[in-house]
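Q: Could you pick one residue in this model, take a close look at it, and then walk me outwards through the parts around it? I'm new to this, so please keep it informal.

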Amino acid sequence: MAGASTSIRLNPFKGCDGPEGAPVPWSPYGRILSERPNFTLDPLFHAGCYYVQDSSAMYVGHLFRKLALGVSACPAETGTLRVLDLCAAPGGKTTDIAASLREACGDAFELTANEVMKARVSVLADNVGVWGDPNVTVTSVDPAVIGRTMKGYYDVLVADVPCSGEGMFRKDPRAVAEWSPELPGICAARQRRILADVWPALKKGGLLIYSTCTYEDCENDSNLEWAASELGGEIIPPENEFAQHGVRLTRCGNLLRAGEVPGEGQWAGALRKTSEAPSARCRTADLRPLESRLQIFDESVPRVELDLQQALRYLHRDTLFLPDAPRGMLTVCYRSHPLGFVKNLGSRCNNLYPKSRRIQMDV
């Protein structure tokens with residue numbers, strides 16, 4: 001079997017500046033690269049101009065655009081489309097959804113990116129911050145707490161749930177080592193518990209987009225059928241616009257298999273909630289969002305253009321010398337894209353790039 005492909009998704013609100021590649025059929029900003037570059041040494045990657053994401057994982061974004069967005073995407077009663085990305089780390093689907101919401105709804109949306117695993121939430125917060133959309137809130141809350149405190153609040157629930165990971169075998173040797181015949185059943189039970197816990201937070205008539213990176217029926221079609229029957233919903237009949245590109249049609253969704261599509265494994269399906277949900281009385285602030293890692297680049301702060309070597313030194317958190325630049329706070333840029341801030345003292349600059357994002361390798 002051929003090795004895993006490399007793909008990126010461009011940020012349409014930062015000029016779509018990034019590596020060239022073949023288009024991903026189901027993603028307007030997805031690109032499949034002919035080879036894998038060293039992303040660490042590309043300042044455009046650190047500026048949030050693109051996100052490195054498997055092309056199969058982008059199918060969830062396609063389903064979101066197809067089913068959740070349209071001419072009247074924002075609910076009339078609130079004027080704002082409220083979306084919860086429940087298992088959001090490391091942030092690929094969150095940033096894809098954020099770009100789609102920004103394009104369709106302008107500023108009239110709220111996107112909550114939640115990750116319950118503490119070891120993964122800091123990565124999510126950094127990736128969301130670099131992407132740069134202020135309407136995305138990162139939280140780390142148990143699904144049961146969300147279901148209990150945010151009843152009927154969300155219009156759309158995206159749940160890319162933890163799974164047995166068969167679709168990751170080609171990409172991640174750990175997925176092979178950790179797999180066992182019992183694992184799919186264990187994962188299916190966990191997935192049902194997650195859905196049941198968060199279900200009250202989705203309003204009646206709201207949309208669930210459910211996905212995994214496994215091929216197991218018990219975690220995919222059977223679990224969506226269980227949710228429709230036990231939680232209250234109508235499965236949205238799947239279509240297959242991309243059969244010619246290797247996408248399969250299943251009972252309740254679409255399956256992408258490694259070797260049949262350029263990327264790795266993904267399954268996705270959707271249902272509409274039919275059970276009653278209490279009226280929304282909460283705000284996303286009730287979820288205690290993490291401290292913001294979003295860098296807002298004020299146009300009143302002077303900008304200084306860096307060359308490639310200067311940009312890499314900045315991203316490494318080295319000291320910069322900008323003797324011809326104004327003193328005080330500066331926004332440093334690469335190819336006109338802001339990277340962060342420095343304080344120019346004249347003889348040297350204090351590097352204010354966040355420590356959590358610095359390049360670790362020698363540059």
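A: Leave out the neighbours within four places in sequence, and K273 is in contact with W199, P200, L202, K203, K204, G205, G206, G232 and G233. Keep in mind that this is a predicted model. K273 itself sits in strand β13, which covers residues 266-273. Is K273 buried or exposed? Its relative accessible area is 2%, and anything under 20% counts as buried, so K273 is buried. There's also a nice example here of chain folding back on itself: K273 and E234 are 39 residues apart along the chain, yet their C-alpha atoms are separated by 6.5 Å.

One of those contacts, W199, leads to another spot worth finding. The C-alpha atoms of W199 and G152 are separated by 8.8 Å, although the two residues are 47 apart along the chain. G152 belongs to the loop between α5 (143-149) and β8. It's a loop residue, but at 8% relative accessibility it comes in under the 20% cut-off, so G152 counts as buried too.

Now go back to β13, because it is one of the elements that the buried residues of α2 pack against. The others are β5, α3, β8 (154-160), β9 (202-212) and β12 (253-256). Helix α2 is mostly covered, with 7 of its 10 residues buried. Those buried ones are Y59, V60, G61, H62, L63, F64 and A68.

How do α2 and α3 sit against each other? Helix α2 (residues 59-68) packs on α3 with axes 9 Å apart and an angle of about 30°. Angles under 35 degrees count as roughly parallel, so α2 and α3 get that description. On the α2 side, V60, G61, F64 and R65 make the contact, while α3 brings K93, D96, I97, S100 and L101. The crossing of α2 past α3 is right-handed.

Follow α3 and you'll find T94 in that helix. T94 has 1% relative accessibility, so it counts as buried. Beyond its neighbours within four places in sequence, T94 is in contact with D85, A88, L111, A113, L124, V128 and V136. Two of those contacts, D85 and A113, turn up together again: D85 stands opposite A113 in β6.

That brings us to the strands. Strand β5 (residues 81-85) pairs with β6 in the parallel sense over 5 bridges. Strands of a sheet pair through backbone hydrogen bonds, either parallel or antiparallel. Strand β6 (residues 109-114) is mostly covered, with 5 of its 6 residues buried. β6 also pairs with strand β7 (residues 136-139), again in the parallel sense, over 4 bridges. If you want one pair to look for there, T112 has T137 in β7 as its bridge partner.

Try tracing how the chain gets from strand to strand. β5, helix α3 (residues 92-105) and β6 make a right-handed β-α-β unit. From β6 the chain then crosses through helix α4 (residues 118-131) to β7, and this β-α-β crossover is right-handed as well.

Helix α3 has another set of strands to deal with: it lies across β1 (6-10), β3 and β4, running at about 30° to β1. What is the strand order in the open sheet of 4 strands? It goes β2-β3-β1-β4, with antiparallel pairing. β2 (22-24) and β4 (50-52) are at the edges with a single partner strand each, so each has one side without a neighbour in the sheet. From one strand to the next, the twist averages 35°. For a closer look at one edge, β2 and strand β3 (residues 27-33) run antiparallel and are joined by 3 bridges. In β3, R31 is the bridge partner of P23.

One more helix pair is worth a look. Helix α7 (residues 183-198) and helix α8 (residues 221-232) pack with axes 11 Å apart, at an angle of about 35°. This crossing is right-handed. A188, Q191, R192, L195 and A196 of α7 make the contact with S222, N223, W226, A227 and L231 of α8.

Terms used: Residues are numbered from 1 along each chain as its sequence is written. This is a predicted model: local features need pLDDT of at least 70, side-chain atom pairs count only at pLDDT 80 or more; totals for chains, interfaces and linings use all residues. Side-chain values use heavy atoms; hydrogens and water are left out. Buried means under 20% relative accessible area, exposed over 50%, partly exposed in between (1.4 Å probe, protein chains only). Helices (H or I, at least four residues) and strands (E, at least two) are DSSP runs, numbered from the N terminus. Two strands pair if DSSP finds at least two bridges between them. A crossover is right-handed if, with the strands pointing away from the viewer, the path from the first strand over the helix to the second runs clockwise. Axes are lines fitted to C-alpha atoms, for helices over the stretch in contact, and angles run from 0 to 180 degrees between N-to-C directions. Angles under 35 degrees count as roughly parallel, over 145 as roughly antiparallel, 65 to 115 as roughly perpendicular and the rest as oblique. A crossing is left-handed if the near helix is turned anticlockwise from the far one by less than a right angle, and right-handed if clockwise. Contact means heavy atoms within 4.5 Å.
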